[in-house]
Amino acid sequence: MGSSLTRIPVRLESQRYEIQIGYKQLHRFGPAVRSLGCGTHPVLVTNPTLWRHHARQVAHALARVGFPVRTLRVPDTERRKSVGNLNR
């Protein structure tokens, strides 16, 4: 895999969005999130496995573009990946 991003459209009944996958692309993450214009206080939701491997780099990428970063670690289970869980 090169330095480009692969874009995958996701089309569900209730929503549509795009997933971007890339190799060694975390340096682009902060500017990409900022360009979305979704807000000013992102919350990085992660699980222990992803935290160990990637979350610190993601948090630094967000901080480099001026975002105050909060992290929420959830157990590595599908039922924990919900908006309801974020609201707790």
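Biologist: Happy to look at this predicted model with you. In which sense do β3 and strand β4 pair?

Modeller: Glad to help! β3 covers residues 43-46, and β4 covers residues 70-73. The two strands are joined over 4 bridges, and the sense of their pairing is parallel.

Biologist: Which residue in β4 is the bridge partner of T46?

Modeller: T46 belongs to β3, where it points to one face together with L44, and both are buried. Across in β4, the bridge partner of T46 is R73.

Biologist: And which residues of β3 point to the other face?

Modeller: In a regular strand, side chains alternate between the two faces of the sheet. β3 shows that alternation, with L44 and T46 buried on one face. Pointing the other way, and not buried, are V43 and V45.

Biologist: What handedness does the β-α-β unit have?

Modeller: The unit is made of β3, helix α2 (residues 48-64) and β4. Its handedness is right-handed.

Biologist: How are α1 and α2 oriented to each other?

Modeller: The axes of α1 (residues 29-36) and α2 come within 7 Å. F29, G30 and V33 in α1 meet V58, A61 and L62 in α2. The crossing is right-handed, at roughly 55°. An angle between 35 and 65 degrees counts as oblique, so α1 and α2 are oblique.

Biologist: One last thing: how far apart in space are Y23 and S4, C-alpha to C-alpha?

Modeller: Y23 lies in the loop between β2 and α1, and at 45% relative accessibility it counts as partly exposed. In sequence, Y23 and S4 are 19 residues apart. In space, their C-alpha to C-alpha distance is 7.5 Å.

Key: Residues numbered from 1 in each chain as written. Predicted model: local features only at pLDDT ≥ 70, side-chain atom pairs only at ≥ 80, totals over all residues. Heavy atoms only, no water. Buried < 20%, exposed > 50% of the residue type's maximum accessible area, 1.4 Å probe, protein only. Pairing = 2+ DSSP bridges. Right-handed = clockwise from strand over helix to strand, strands pointing away. Axes fitted to C-alpha atoms, helices over the stretch in contact; angles between N-to-C directions. Parallel < 35°, antiparallel > 145°, perpendicular 65-115°, else oblique. Left-handed = near helix turned anticlockwise from the far one by under 90°. Contact = heavy atoms within 4.5 Å.
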